[in-house]
Amino acid sequence: MFSNASNFVHGVDKATLIIGGFSLFFLVAFTGLMIFFVIKYNRKKHPKATQVKDNILLEITWTTVPILLVLYMFYIGWEGFFPMRQVPKDAMHVTVLAKMWKWEFQYPGNKLSDTLVLPINKAVKLDLVSKDVIHGFFIPAFRVKEDVVPGQTNYSWFIPGELGDYDLLCSAYCGVSHSYMSAVVRIVSDDDYNTWLSTLSVKKVDNALGFKVIEKNGCTACHSLDGTKLVGPSLKGLYGSTVEVMSNGVKRKVTVDSLYIQSSILDPNKDIADGYPQGVMKSYKGVINDKDIELINEYLKTLK
Ligand SMILES: [Cu+2]
């Protein structure tokens with residue numbers, strides 16, 4: 001009856017069905033009873049009101065039955081939730097990195113992937129790390145949902161039980177491109193997993209000092225380094241290129257050099273890159289010093 005996509009489907013679906021079932025039952029029963037009483041005790045049939053004395057048996061019943069029902073519903077929910085926080089000792093580890101607006105999965109040996117590939121029937125613990133704001137790690141088919149909070153490491157775990165591709169979504173509204181923040185969870189056989197892991201390349205660690213300044217100041221939240229358009233233009237190939245900008249309402253062409261980069265960082269609203277919004281990028285005056293701007297320039301020259 002329940003899907004076997006993960007070991008939590010049963011517990012969560014059972015709680016949903018039972019609690020939903022009770023709610024539906026009482027909705028129908030109480031509405032029906034209300035309509036029945038309105039007809040039965042209609043004033044036309046009973047012009048004179050009668051006083052009703054207490055009924056001990058009735059009062060005990062309508063106190064204890066709901067208490068037992070509510071306790072039962074709590075128990076069902078607890079039974080489904082409790083195992084979600086009990087990670088088995090032999091679980092394998094993957095670190096989930098969330099940032100505006102992308103998921104990345106870090107496997108042992110600093111190997112990075114955009115897809116969460118996992119072997120079937122093996123418990124996996126996911127350490128959830130956010131690089132900027134609060135995101136939500138959400139795999140609907142697995143009934144798994146956990147906040148990813150900057151500054152603290154949260155976790156999730158599960159045992160995938162069926163081969164296939166599943167959606168991983170972000171469940172916390174985290175900015176303009178929140179709705180694009182999704183990834184694929186791919187459950188494969190043990191052999192396929194090992195083959196895939198061995199072909200996964202180790203992340204190139206960028207040691208350029210300018211790159212570190214850019215990362216540290218959060219520029220990559222709005223500017224990609226690979227040509228992708230985000231909130232702002234990509235920084236790839238920018239240096240030395242000719243761009244169209246609006247300066248004081250006048251469109252003009254400029255060739256990007258060190259001075260233009262410096263002015264874009266310190267006074268971003270002086271020249272607005274054509275097709276991009278004004279006022280989104282804040283000035284970094286007093287935040288980034290001249291030496292660091294120099295480093296950014298050196299780095300951008302290499303970013304062809
Ligand atoms: Cu998000």
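**Close-up 1. Thr242 and its partner across the β11-β12 pair in the predicted model.** Thr242 has Thr255 of β12 as its bridge partner. Strand β11 covers residues 242-247, and strand β12 covers residues 250-255. The two run antiparallel and are joined by six bridges.

**Close-up 2. The turn of the β11-β12 hairpin.** Two residues lie between β11 and β12 in this hairpin. Asn248 sits in the turn. The phi of Asn248 is positive, at about 55°.

**Close-up 3. Strand β11 with strand β13.** β11 also pairs with β13, which spans residues 271-273. The pairing is antiparallel and runs over three bridges. To find the register, look for Met246: Ile272 of β13 stands opposite.

**Close-up 4. The open five-stranded sheet.** Read across the sheet, the strand order is β4-β10-β9-β6-β7. The pairing is mixed. β4 (116-119) and β7 (144-148) are the edge strands. Each has a single partner strand, so one side of each has no neighbour in the sheet. From one strand to the next, the twist averages 20°.

**Close-up 5. Edge strand β7 and its partner β6.** Strand β6 is made up of residues 135-139. Five bridges join β6 to β7, and the two strands run antiparallel. Gly136 stands opposite Asp147 of β7.

**Close-up 6. Helix α3 across the sheet strands β4 and β10.** α3 is formed by residues 190-199. The helix lies across β4 and β10, the latter covering residues 182-188. Relative to β4, α3 runs at about 135°.

**Close-up 7. Helix α1 from end to end.** α1 takes in residues 9-40, 32 residues in total. At 1.5 Å a residue, α1 should span 46 Å. The C-alpha atoms at its ends are 45 Å apart, which agrees.

**Close-up 8. The buried residues of α1 against α2.** α1 is hardly covered: of its 32 residues, three are buried. These are Val9, Gly11 and Ala15. They pack against α2, residues 56-81.

**Close-up 9. The three assigned domains of the chain.** Domain 1 covers residues 9-85. Domain 2 covers 92-199, and domain 3 covers 209-302. The C-alpha centres of domain 2 and domain 3 lie 32 Å apart.

Terms used
Residues numbered from 1 in each chain as written. Predicted model: local features only at pLDDT ≥ 70, side-chain atom pairs only at ≥ 80, totals over all residues. Domains from an automatic or database assignment. Pairing = 2+ DSSP bridges. Helix = DSSP H or I, 4+ residues; strand = E, 2+ residues; numbered from the N terminus. Axes fitted to C-alpha atoms, helices over the stretch in contact; angles between N-to-C directions. Contact = placed C-beta atoms within 7 Å. Expected span 1.5 Å × (residues − 1). Buried ≥ 20, exposed ≤ 12 C-beta atoms within 10 Å, placed from the backbone.
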